[in-house]
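Got the viewer open and a selection box ready? Let's walk through this one stop by stop.

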Amino acid sequence: MSPLRPEPSGPRETPGSPTPPEAEEGGGTPVGRRVLLATLGLGALGVAVAPPLQRGLEAFLGGISGKDPTGLTGLLPNGGGFRYYSVTSSVPHKDAGNYRLTVSGMVDRPSTYTLPELRRLPQTRLVRDVQCVTGWRVPDTPFEGVRLSDLLDAAGVHPSAKAVRFTCFDGAYTESLTLEQARRADVLVAHRMQDKPIGHNHGGPVRLYVAPMYFYKSAKWLSGIEVTDRVRPGFWEERGYDVDGWVGRSNGRDDVPTT
């Protein structure tokens, strides 16, 4: 399933065919001919150059993708093999000084964590393939962070709770998991990816990582964890994608599982 061309502003829904759940959307200035040609040239160069130049290419593509309403930058190769997607035209930047993650809802001890506090908790490192429902895959990608189950245990989940809802500081994206899914050992509140801090364009400083599911379940720019009494469909599930997004067993796809 290929990414669709984004609208000038706001989320797009195509009757009978949902927009791919990580497609770039939102307003911005059209990319001119010179910028497009330069981007294409850098995209080709990124395949062959050394890692430092690849990292520069990745930063360049990430910087202009939010101002590219054509979606072309999301189709170009880059140093990490990822594509840059957002459902809003801009996302605030957070860092160790102003980032906060709240744990709330049906819990005994609502909590708020800073980035340094998350880093001091017991850490788990996973290395799995990342699979996007639009088709691209990045093999052997390390993620590191706190198991979501540890944060839930620390908060004291009520016996009648059934699910977890995730909110993001882009102000638009949401996701959800059943409580059983959220307690899996391969679900992380991650702050490192590819053995370095998660950058803004990859959803940093903190994102959700759900290893066995399509990447739209791994919400970027994570800001809230709310324990609830039922599963509430997330942003893309409300637009037609599967709530249980297991790789190879959902959304009509037969990709090789990532675990």
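Among contacts between residues at least 6 apart in sequence, 64% join residues at least 24 apart. Keep in mind as you click around that this is a predicted model. The protein has 259 residues, and buried ones make up 51% of them. Color by secondary structure and you'll find five helices and 10 strands.

**Stop one: the sheet**

Select β1, β2, β5, β6 and β10. These five strands make an open sheet, and reading across it the order is β2-β1-β10-β5-β6, with mixed pairing. What sits at the edges? Those are β2 (111–114) and β6 (174–178), each of which pairs on one side only. Look along the sheet and follow the twist, which averages 15° from one strand to the next.

Now zoom in on β5, residues 163–168, which runs antiparallel to β6 with five bridges between them. Show side chains for a couple of cross-strand positions: F166 is opposite E175 of β6, and T167 is opposite T174 of β6. Then follow the chain around the β5–β6 hairpin, where five residues lie between the strands. Stop at G171 in that hairpin, as it takes a positive phi near 85°.

On its other pairing, β5 goes with β10, again in the antiparallel sense, this time over six bridges. To find one of the bridges quickly, pick R165, whose bridge partner in β10 is E226.

Before leaving the sheet, add helix α4 to the selection. It lies across β1 (100–105), β2, β5 and β10. Line the helix up against β10 and you'll see the two run at about 60°.

**Stop two: salt bridges**

How many salt bridges does the model have? The count comes to 11. Here are some to visit.

Begin with R125 and D195, where the closest N and O atoms are 2.9 Å apart. R125 is in strand β3 (residues 124–131) and D195 is in the loop between β7 (187–193) and β8 (196–197), so this pair ties together parts that are 70 residues apart in sequence. Switch on a surface here: R125 has a relative accessibility of 45%, so it counts as partly exposed. D195 is also partly exposed, at 44%.

Go back to α4 for the next one. D153 and R183 meet through their side chains in a salt bridge, 2.6 Å from N to O. D153 belongs to helix α4 (residues 148–155) and R183 to the loop between α5 (179–182) and β7, so the pair links distant parts of the chain, 30 residues apart. Is this pair buried or partly exposed? D153 is partly exposed, with a relative accessible area of 46%, and R183 is partly exposed too, at 34%.

Next, select R253 and D255, a salt bridge with its closest N and O atoms 2.6 Å apart. Here both partners are buried. While you're in salt-bridge mode, also select E175, K217 and E237: salt bridges that share partners join them into one network. You've already met E175, across from F166 in the sheet.

**Stop three: around D255**

Center the view on D255, in the segment after β10 (222–228). Its relative accessible area is 13%, so D255 counts as buried, the cut-off being under 20%. Which side chains does the D255 side chain touch through polar contacts? One is the side chain of Y214, at 2.6 Å. Another is the side chain of R253, also listed at 2.6 Å, the residue that is its salt-bridge partner.

Widen the selection to see what else surrounds D255. Leaving aside neighbours within four places in sequence, D255 is in contact with Q131, R137, Y214, V247 and G248. Y214 therefore turns up here as well as in the polar contacts of D255.

**Last stop: cysteines**

If you were planning to hunt for disulfides, how many are there to find? Zero. Still, select C132 and C168 and check them against the surface. C132 is buried, with a relative accessible area of 0%. C168 is buried as well, at 7%. C168 also brings you back to the sheet, as β5 covers residues 163–168.

How values were computed
Residues are numbered from 1 along each chain as its sequence is written. This is a predicted model: local features need pLDDT of at least 70, side-chain atom pairs count only at pLDDT 80 or more; totals for chains, interfaces and linings use all residues. Side-chain values use heavy atoms; hydrogens and water are left out. Helices (H or I, at least four residues) and strands (E, at least two) are DSSP runs, numbered from the N terminus. Buried means under 20% relative accessible area, exposed over 50%, partly exposed in between (1.4 Å probe, protein chains only). A polar contact is a pair of N or O atoms within 3.5 Å; within protein, one must be able to donate a hydrogen and the other to accept it, and residues adjacent in sequence count only if both atoms are side-chain atoms. Contact means heavy atoms within 4.5 Å. A disulfide is a pair of cysteine sulfur atoms within 2.5 Å. A salt bridge is a side-chain nitrogen of Lys or Arg within 4 Å of a carboxyl oxygen of Asp or Glu. Two strands pair if DSSP finds at least two bridges between them. Axes are lines fitted to C-alpha atoms, for helices over the stretch in contact, and angles run from 0 to 180 degrees between N-to-C directions.
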